[in-house]
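Visitor: I would like to know what lies behind the labels people put on a model like this one. Could you walk me through them?

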Amino acid sequence: MRAAHLIAAFAFLLAACPEDDVSPGADADVSDDAAEVTPDSDIPSDTTPDTGGDGGAIVLVDDPIIARTPLGTATCSVAREVTRVDDEFEVQFQFESMLSLGDEVLVTRSGKTVSLAKLARDGSATDEVVLDPDEYSSGQAAAALAGGSLAVVWQTVSQATNQGGLRFARIAVSDLAIEVPGRDLQLGFGGYYQTQSVLVADGAGGFALLYNEDGDLRFVRLGADGAPGTPVIVIEGQPGWFAFAQNMIRTAAGEYAITWTQGPYDASEIYFARLAADGAVVSGPHRLSRAGGGGTSANTGWRANGGALIEVGDRLWAVFSESHSTGEPFVDQKTSVIARLAVFDHDGRGEAHALQAPVDDMTVENPTLVPYRDGIALVWSYGTLIYICAGCIADYDIHLALLDPTTLDPLTVPAIAVSANNGYRNPRAAPLGDELLVTTAIDFHALWYPATGVLACTP
């Protein structure tokens, strides 16, 4: 039964028309400008501490961040419009992890094969190295830097047995030479899918891996050559719900902070925990989101490269989407999806601020945090869905807000990369010199085509 819950989780995350988007018959021509002045009054204000019975204390603050008067200390703009990557259909791919090296960005790409490449400002890829040549049987590549090496862990699925596992490789950053060829991670729980891996350097030459198996979140330490230790179950999935869409960072104190989504698909919530070096939970779980149910759910979004959780000084920042639906499904249902930014201490105490006001039939997707210049960049997709032939096409634009790391106030008005025809989904961003290189997917109903653009903020 629990394996079925995991399959349902992926359907929820990756379906073309997720439940937290707009209903059929919605007005696809609602503009961003019009939306900003028509907030959904059906969502109640909630500024009371939300302990959730877990010992933490998050205060939900519904004063929208981007509606506040900008401090005026920066100007953000689109430095290069989003353009589709020129690629043949049969080797179409998606960008997954992005890692900034200052003057260049490393990316993993999954499609026909899994590969690693350096991405230039114009979107061109150089020094590509194929990590997994097995066609159409692998993906979800997560990467982490440790010294002069880059480790990548990705999911594999056997075409013969339909069973999944995880594979590891290590590559030299200087020339992308393979130092440790791809090796299957024998984690001791064979027979189920091992997916959604999150990889970080452990500070001792090895790596820490958080992954999903059969609805559980599991943690394992890997040596520099990928040799795994003994996995531990951090969060165990339960009948009727699952834990998924996880994120993990190694903190300045040498511990691990994780967030994840858990619960049924229509009432899911965001949780945080702090882990010791061996994966044992030392604080939490603490709920960061509004309680799920009654048309409300929250989601950190699927991402292999992180971006939903960062450490800023002595505080943690987590970003996620919050969906609220009213009325009956389909004909009368109205849904609004916003982003919420939680800033809290290492025991889950803090505030969760709304990024924007809820607007019926307007959707936020995959908000991402990036330390950038003297602030924190928040990148997200925002727009409506057009329903056709039992499917949908997003018209999402990419938005960039630069926030003050102390007050959370915007330093400038958001920059918007407006979609020309089909919308931009699953945005990711990494600093490239003084700019932000952005990867995204152009939505073509049942297909997504990779694309890149450049956003920039100047003092």
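Guide: Happily, and let me start with a cut-off: buried means under 20% relative accessible area, exposed over 50%, and partly exposed in between, with a 1.4 Å probe and protein chains only. This is a predicted model, where local features need pLDDT of at least 70, side-chain atom pairs count only at pLDDT 80 or more, and totals for chains, interfaces and linings use all residues. Residues are numbered from 1 along each chain as its sequence is written, and side-chain values use heavy atoms, with hydrogens and water left out.

Visitor: Why is Arg-68 called buried?

Guide: Its relative accessibility is 14%, so Arg-68 counts as buried. Asp-63 has a relative accessible area of 42%, so it is partly exposed.

Visitor: What makes the contact of Asp-63 and Arg-68 a salt bridge?

Guide: The term asks for a side-chain nitrogen of Lys or Arg within 4 Å of a carboxyl oxygen of Asp or Glu. The N to O distance between Asp-63 and Arg-68 is 3.3 Å, and their side chains meet in a salt bridge. By this rule the count comes to 23 salt bridges.

Visitor: How do you know that Glu-435 and Arg-121 link distant parts of the chain?

Guide: Their closest N and O atoms are 2.7 Å apart, which gives a salt bridge. Glu-435 belongs to strand β32 and Arg-121 to the loop between β6 (114-119) and β7 (125-132), 314 residues apart. Strands here are DSSP runs (E, at least two residues), numbered from the N terminus. Glu-435 has 19% relative accessibility and therefore counts as buried, while Arg-121, at 35%, counts as partly exposed.

Visitor: What makes Asp-347 and Arg-274 part of a network?

Guide: The side chains of Asp-347 and Arg-274 meet in a salt bridge at 2.7 Å, N to O. Asp-347 sits in the loop between β23 (334-344) and β24 (349-354), and Arg-274 in strand β18 (residues 269-275), 73 residues apart. Salt bridges that share partners join Glu-255, Arg-274, Asp-345, Asp-347 and Arg-349 into one network.

Visitor: How do you know that β8 and β9 pair?

Guide: Two strands pair if DSSP finds at least two bridges between them. Strand β9 (residues 149-157) and β8 are joined over seven bridges in the antiparallel sense, with Val-153 in β9 as the bridge partner of Ala-142. They form a hairpin with two residues between them, and Gly-147 in the turn has a positive phi of about 65°.

Visitor: What makes strand β8 mostly covered?

Guide: Seven of the nine residues in β8 (residues 138-146) are buried.

Visitor: Why are β12 and β15 called edge strands?

Guide: The open sheet has four strands in the order β12-β13-β14-β15, with antiparallel pairing. β12 (194-201) and β15 (232-235) each have a single partner strand, so one side of each is left without a neighbour in the sheet. β14 (residues 216-222) meets β15 over three bridges in the antiparallel sense, and Phe-219 has Val-232 in β15 as its bridge partner.

Visitor: What makes a space in here a cavity?

Guide: On a 1 Å grid over the protein atoms alone, a cavity is a set of points where a 1.4 Å probe fits but cannot get out, and lining residues have an atom within 4 Å of a point. Grid points are joined across faces, edges and corners, and a volume is the space filled by probe spheres set on the points. The structure holds two cavities of 30 Å³ or more, and the largest has about 60 Å³ of space. Its lining includes Phe-93, Arg-425 and Trp-448.

Definitions and conventions
1 Å grid on protein atoms, 1.4 Å probe; cavity = no way out; pocket = protein on both sides within 12 Å on 5 of 7 lines; lining within 4 Å.
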